[in-house]
Amino acid sequence: VTPSARRPFDLLIVEDNPGDVELTREALQECAIPLRLWVAHDGIEALAFLRRTDAHADAPRPALVLLDLNLPKLDGRGVLAEAKGDVALRDIPIVVLTSSQAAADLRRVYGLQANCCVAKPVELDRYFATVRAIAEFWLQTAQLPRDE
Amino acid sequence: MHMSATPPFDPALARSAALLEGIVQLASEGIISIDDDERIHLFNRGAEEIFGYTAAEVLGQKLEVLLPARFRPQHRAEYLPRFANGHETARRMGERREVYGLRRSGEEFPAEVSISKVDVDGGRMYNAVVRDVTERRRYEAALQARGQELARSNAELEQFAYVASHDLQEPLRMVASYTQLLARRYEGKLDAQADTYIRFAVDGARHMQALIHDLLALSRVGTHGRAAGPVDTGRVVAGVLRWLGGALEESGGEVVAGPLPTVIADAGQLEQLFQNLIANALKFRRPGVAPHVEVSALRMADGTPRAAWRFTVRDNGIGFEPQFADQIFTVFQRLHTRAEYAGTGVGLAICRKIVERHGGTIWADGTPGEGAAFHFTLPDRAPEPSVDDATETEREVEREVERTP
């Protein structure tokens, strides 16, 4: 019996646009993976959640983070730099969702040790397929260290 | 026998002199003759108009009265001796260097002056034809100011189009996503009318996304161009054909490329240009006729400053009525409904902008039911010194990265 059968995965969405949060939630609902979704609306809140500070003392350690790049207060690059520079957080997979396809932007994001960078597809069907592919790969295919 | 000091009267000479005098007085240009000593011998009506002196006032005076004081020493020491001793017998002044005259009122004016020298009776005479170019300079300055203003406002518009279409993408993505989600979750669950409404909303949002995407591409031609470097157009076309592989296979047609040259251009834009033209050729095919597309290049006016390559993309598709040959390059201009042929009407406008940015021209000819040919020229220039091989290689690497999803 795999761990996923025992308890749901905790997935953190870092996204300030409620429309996008809802779309991702809808897309994930179509996957057959048991999930608990958590949402941070800016980069500062995302780091507080990951570090369990302030109001997030009881936050779970997410199995996966979906990170938008354009965020208020601290943008996605800032979150990446902090999380990947933190020994306690660096093995949490962070998938960056971006609307930029510019080589320089992608290089920068990978340079900050994002686990992978995915363009937000414009067509809804492709968007759903992409979110599902991310969830299935990072939560079911990839081997990650998990709290026992 | 009484010998006269004056030469014998020659009626032909007299007629010629009278004719010349008439012409000299008629000219609106100032015509002035001076001798070796710079004394004025001839001062026509045009000169009177321009300088404000009567002939009687200046005849016998030094030319210097007609020159602004600051030019007199140079004129005396430099320009006049140089012309006097030079091989030229006539030349124009004021083309390369600004020349000014001085009116009686003390006002200076910009002038264009043609001068010549003639030897008469053992002496040297200089003739000058003076044009007052004050008005022309004023128009030129106004024109230049207008041109700069136009360029600035064009750049501003371009920037606006870019920012507007870029910033419209995000909210539009929300509209498109949620109408699509509505369709995904509720199609067939409401009534037939609701399904129709949803479909119109989805189609409208999708079409607007295509429009904004293409508008963004159009404004990028002006705002995101890269420096020109050597581009092997054969390789560009081969790359475009790989990219179009699916559409080409689906159409059951073929694209044949002749020998294509290396030109100096923005590689990314050239790729977009060929891509739009070849994709169009495949798209506007005749029903039931496999598209056959030819890409060729012809060298024009070899070895002249106007040397250029003329490229042609020719197809055997539906063609078009000749009266639409110009219209099709205008943004949003389409000859077919979206139901017949999908599209936004921006593709050929992008092509025209790319070609014109490279100093070329683009045009098309077609015959309904037989096919169309799109031609464009690219000047055959030497590579600009600012572009070296290293930066071009870097740029290519970058493009590769950009293409990799």
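Here is a walk through a two-chain model, going from chain B as a whole to one of its sheets, then to a residue in chain A, and finally to the contact between the chains. Keep in mind that this is a predicted model.

Let's start with chain B. It has 405 residues, and 37% of them count as buried. Its secondary structure comes to eleven helices and 13 strands. If you take the contacts in chain B with a sequence separation of 6 or more, 61% of them join residues 24 or more positions apart. As for the outside, chain B shows about 23,800 Å² of accessible surface, with carbon and sulfur atoms making up 57% of that.

Now pick out one sheet in chain B. Five strands form an open sheet with mixed pairing, and reading across you get E8-E10-E11-E13-E12. Strand E8 (254–257) and strand E12 (362–367) of chain B sit at the edges, each pairing on one side only. Going from one strand to the next, the twist averages 15°. At the E12 end, E12(B) runs antiparallel to strand E13 (residues 371–379) of chain B, and six bridges link the pair. To find a spot in that pairing, look at B:Gly366, whose bridge partner in E13(B) is B:Ala372. Packed on the sheet is helix H9 (residues 267–283) of chain B, which touches E8, strand E10 (292–300), strand E11 (308–314) and E13 of chain B. The direction of H9 makes about 170° with that of E13(B).

Over in chain A, zoom in on A:Thr24, which is part of helix H2 (residues 18–29) of that chain. Is A:Thr24 buried or exposed? It counts as buried, because its relative accessibility is 3%, and the cut-off for buried is under 20%. What does the side chain of A:Thr24 reach? The backbone oxygen of A:Asp20, at 2.8 Å. Setting aside neighbours within four places in sequence, A:Thr24 is in contact with A:Ile13, A:Leu66, A:Tyr127 and A:Val131.

That leaves the place where the chains meet. Chain A brings 19 residues to the contact and chain B brings 14. Together the two chains bury about 1,500 Å², and carbon and sulfur atoms account for 46% of that area. Which three residues supply more than any others of the area that chain B buries against chain A? They are B:Arg173, B:Arg184 and B:Arg185, with 34% of chain B's buried area.

Notes
Residues numbered from 1 in each chain as written. Chains lettered and ligands numbered in written order. Predicted model: local features only at pLDDT ≥ 70, side-chain atom pairs only at ≥ 80, totals over all residues. Heavy atoms only, no water. Helix = DSSP H or I, 4+ residues; strand = E, 2+ residues; numbered from the N terminus. Buried < 20%, exposed > 50% of the residue type's maximum accessible area, 1.4 Å probe, protein only. Contact = heavy atoms within 4.5 Å. Areas by Shrake-Rupley, 256 points an atom, 1.4 Å probe, with all protein chains shown as cover. Pairing = 2+ DSSP bridges. Axes fitted to C-alpha atoms, helices over the stretch in contact; angles between N-to-C directions. Polar contact = N/O pair within 3.5 Å; in protein donor to acceptor, adjacent residues only side chain to side chain. Buried area = accessible area lost by both parts, 1.4 Å probe.
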